[in-house]
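Open the model in your viewer and keep the selection tool ready. Each stop below says what to pick and what you will find there.

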Amino acid sequence: MDATVAALAGSLIGGSAALAGTVFTNFVVLRTEAGRRGLATQSAYVHTLRERSGAAFAQFFIIVQAIEWITWCGDGDPNSLDRKRIKSYEEAVNGAYGKLLGAVAMTASLNLDIYEQLRPLLNILYDLESRAAVALREFVATRSPAATAELRICKIEAMRIRETLPPELNRIMELAETAASSRSLARNRPKPASRHLGRQHHAE
């Protein structure tokens with residue numbers, strides 16, 4: 001090998017090494033950037049899911065507090081419970097229900113598993129509010145001891161629900177974190193080979 005050929009070969013080897021180094025560097029940069037974007041997306045997802053779940057729980061608290069207050073009036077201060085106060089209560093609860101259902105719908109659109117965790121609480125709240133509404137109407141119409149007793153029971157149940165809401169909220173928030181991690185893993189998992197491609201390869 002003469003000097004010219006040796007020089008050319010050395011140049012080619014050096015150029016190939018430099019090109020390989022550049023390709024590897026660019027690959028590492030792209031992987032790092034993709035990882036950053038993935039983390040940013042996961043963080044935004046968790047933030048939105050926690051925000052919607054928190055908004056739902058805020059309305060839970062408002063409705064439970066309203067039920068607790070109106071049933072306390074029927075049990076502890078029956079003379080203060082008139083149609084005007086009941087109407088004010090119903091308007092407040094109806095307004096909170098609209099916001100609650102909106103927040104729950106947004107939560108379901110983000111993660112159906114979280115919604116399934118909220119649904120039992122919704123059912124309990126619906127049942128309690130419905131019973132309280134019936135007792136309130138009967139109380140205003142008849143002032144019967146049975147209506148007063150039912151209002152007292154509803155008041156106690158509202159207090160119990162209020163006490164369970166904070167730990168339930170914390171549990172749902174932890175589930176949101178877990179859901180985000182599972183979502184990220186599923187998104188990054190390699191996809192299986194296409195069956196169509198497999199059949200095509202077999203045919204060849």
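A salt bridge here is a side-chain nitrogen of Lys or Arg within 4 Å of a carboxyl oxygen of Asp or Glu. By that rule, the whole structure holds 8 salt bridges. Keep in mind that this is a predicted model.

**Stop 1: the whole chain**

Show everything as a cartoon. The protein chain has 5 helices and 0 strands. Read from the N terminus, the order of elements is α-α-α-α-α. Now colour by burial. Of the 204 residues, 29% count as buried. Switch on the surface. The accessible area is about 13200 Å², and carbon and sulfur atoms supply 59% of that. Which residues account for 78% of the contacts with a separation of 6 or more? Those 24 or more positions apart do.

**Stop 2: helix α2**

Select residues 83-110. This is helix α2, with 28 residues. From first C-alpha to last, helix α2 reaches 41 Å. That is close to the 40 Å expected at 1.5 Å a residue. Next, show the side chains of its buried residues. They are Ile86, Tyr89, Val93, Ala96, Tyr97, Leu100, Ala103, Val104 and Thr107. Leave Tyr97 displayed; the tour returns to that residue.

**Stop 3: Asp75 and Arg152**

Select Asp75 and Arg152. Their side chains meet in a salt bridge, with N to O at 2.8 Å. The pair links distant parts of the chain. Asp75 sits in helix α1 (residues 3-76), Arg152 sits in helix α4, and their positions lie 77 residues apart in the numbering. Is Asp75 buried or exposed? Asp75 counts as buried, because its relative accessibility is 19% and the cut-off for buried is under 20%. Arg152, at 36%, counts as partly exposed.

**Stop 4: Thr148**

Stay in helix α4, residues 145-188, and pick Thr148. Thr148 is buried, with a relative accessible area of 19%. What does Thr148 touch, leaving out residues up to four places away in sequence? The answer is Gly74, Asp75 and Phe139. Asp75 is thus on view twice: as a contact of Thr148, and as the salt-bridge partner of Arg152.

**Stop 5: Arg119 and Glu116**

Move to helix α3, residues 112-142. Select Arg119 and Glu116. They form a salt bridge, and the closest N and O atoms are 2.9 Å apart. The two residues are 3 apart in helix α3, so about one helical turn separates them. Arg119 is partly exposed at 38% relative accessibility. Glu116 is partly exposed too, at 33%.

**Stop 6: Glu157 and Arg131**

Add Glu157 and Arg131 to the view. Here is another salt bridge, with the closest N and O atoms 2.9 Å apart. Glu157 lies in helix α4 and Arg131 in helix α3, so the pair ties together parts that are 26 residues apart in sequence. Glu157 is partly exposed at 25%. Arg131 is partly exposed at 22%.

Now select Asp127 and Glu150 as well. Asp127, Arg131, Glu150 and Glu157 are linked in a network of salt bridges.

**Stop 7: aromatic pairs**

Hide the charged side chains and show the rings. A pair of aromatic rings is described by the distance of the centres and the angle of the planes. How many aromatic pairs are there? The count is 2.

Start with Phe57 and Phe60. Their ring centres are 5.6 Å apart and their planes meet at 55 degrees, so this pair is tilted. Both residues belong to helix α1, 3 residues apart, which puts about one helical turn between them. Phe57 is buried, at 1% relative accessibility. Phe60 is buried as well, also at 1%.

Finish with Tyr97 and Tyr126. Their ring centres are 5.5 Å apart and the planes stand at 40 degrees, so this pair is tilted. Tyr97 lies in helix α2 and Tyr126 in helix α3, so the pair ties together parts 29 residues apart in sequence. Tyr97 is buried, at 11% relative accessibility. Tyr126 is partly exposed, at 34%.

Definitions and conventions:
Residues are numbered from 1 along each chain as its sequence is written. This is a predicted model: local features need pLDDT of at least 70, side-chain atom pairs count only at pLDDT 80 or more; totals for chains, interfaces and linings use all residues. Side-chain values use heavy atoms; hydrogens and water are left out. Helices (H or I, at least four residues) and strands (E, at least two) are DSSP runs, numbered from the N terminus. Buried means under 20% relative accessible area, exposed over 50%, partly exposed in between (1.4 Å probe, protein chains only). Contact means heavy atoms within 4.5 Å. The expected span of a helix is 1.5 Å times one less than its number of residues. Accessible areas come from the Shrake-Rupley method with a 1.4 Å probe; for residues, only the protein chains shown count as cover. Rings of Phe, Tyr and Trp (its six-membered ring) pair if their centres lie within 6.5 Å; planes under 30 degrees apart count as stacked, over 60 as edge-to-face and the rest as tilted.
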